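Visitor: I'd like to learn how to read a fold from its model. Could you walk me through this one?

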Amino acid sequence: MRSSNRNWLALGGAASLLASCSSEQAVAPPAPRPATPVTAPAVADEPVKIGEPYSVGGKTYVPADPVNYDEVGYASWYGEEAIGKPTANGEDFVPSAISGAHKTLPLPSYVEVTALDSGRTILVRLNDRGPFSDDKLIDLSRGAAEQLGITGDGSAAVRVRRVNPPEQEKALLRAHQRAPERIETPQPLLKVLRGRLAQVPASQLAQVQAARPVVQTIPVASSSSRRGASFDTPAPPTPKPAPKTTAPTKPVSGGYVVQVAALSSQSRAEALARQIGAHAVAAGPVWRVRYGPYPSQEAAQAGVKAAAAKGFANVRVMANDAR
């Protein structure tokens, strides 16, 4: 009898050990990817600002608070060229944040933006005014354009729908992080939305420009201010034609470089390089904006400091492969 009990105990112990091992294997999650550090402080949603009517370039815009806003049109985007400039509701512009500019919706507002070519949909927090051209519906930050996949030159067809997302998603955007993407828009609905876009007057479609518009910050009055007053703001200056670019010199290999950005557009990369005192290097289908090369990783810290002084806090020191 004792032998039988010992057998049962041994079998029970082995089963428990197997169950424990199996349980440990089942619950071990993959190591989470670290979140991209953001140096800018989180912002607040209060007070919400609507503002009085205002005029830009001879056209008057009337801010409003529609609950069921849902429109189709074109989106442009802006990024590093606006670093250091306040948005219309007084926040510091953060290029990597998922934010946007709209002519009339309250600031801040939350909208879902859908790319009509791919069906991708993201959540965007509006904190600025613009874009001030009839052919643009919304201006996105570089971070929002990257998440939506529309960072090429020119404009992208989009749907903009006002929403009231969960508080945890609002908190992510206030902290300059990304909210989870929505389920891709089904093809039948995309077909309907593209049909709505086709009804936009041809005169507006002809005005779609190949370059981003000049960024212009417009002040917004508090929603408690006296309504009905307007103010005049000069029209955005006409962008000068991009200078003709010459073939880049072959970069020197060896040492280390500090990479600031990788862009698909040569003109954007060269413009950014000129702005921050770096250089643009062709690397297959993309253009890399870099400082250097430097003889050592220690010497490359000078490039890290130069990038930080221009508003780029999370740059990479990497071996210079001259590509």
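Visitor: How much surface does the protein expose, and what share do carbon and sulfur atoms supply?
Guide: In this predicted model, the protein exposes about 17,700 Å². Carbon and sulfur atoms supply 56% of that.

Visitor: And what about the inside: what percentage of the residues is buried?
Guide: Of the 323 residues, 41% are buried. As for secondary structure, the protein has 7 helices and 13 strands. If you take contacts between residues at least 6 apart in sequence, 76% of them join residues at least 24 apart.

Visitor: Let's zoom in. Is Gln259 buried or exposed?
Guide: Buried means under 20% relative accessible area, so Gln259, at 9%, counts as buried. You'll find Gln259 in strand E10, residues 256–263.

Visitor: Which side chains make polar contacts with the side chain of Gln259?
Guide: Arg288 is one, at 3.4 Å, and Arg290 is another, at 3.1 Å. Leaving aside residues up to four places away in sequence, Gln259 also touches Val289, Val315, Arg316 and Met318, among others.

Visitor: Now the backbone. Where are cis peptide bonds found?
Guide: Look at omega. One cis bond joins Glu46 and Pro47, with omega about -5°; Pro47 sits in the loop between helix H1 and strand E1. Another joins Gly292 and Pro293, with omega about 10°, and Pro293 belongs to strand E12.

Visitor: What is the phi of His176?
Guide: Phi is near 65° there, a positive value in a residue other than glycine. His176 lies in the loop between helix H3 and helix H4, and at 9% relative accessibility His176 counts as buried.

Methods
Residues numbered from 1 in each chain as written. Predicted model: local features only at pLDDT ≥ 70, side-chain atom pairs only at ≥ 80, totals over all residues. Heavy atoms only, no water. Helix = DSSP H or I, 4+ residues; strand = E, 2+ residues; numbered from the N terminus. Buried < 20%, exposed > 50% of the residue type's maximum accessible area, 1.4 Å probe, protein only. Contact = heavy atoms within 4.5 Å. Areas by Shrake-Rupley, 256 points an atom, 1.4 Å probe, with all protein chains shown as cover. Polar contact = N/O pair within 3.5 Å; in protein donor to acceptor, adjacent residues only side chain to side chain.
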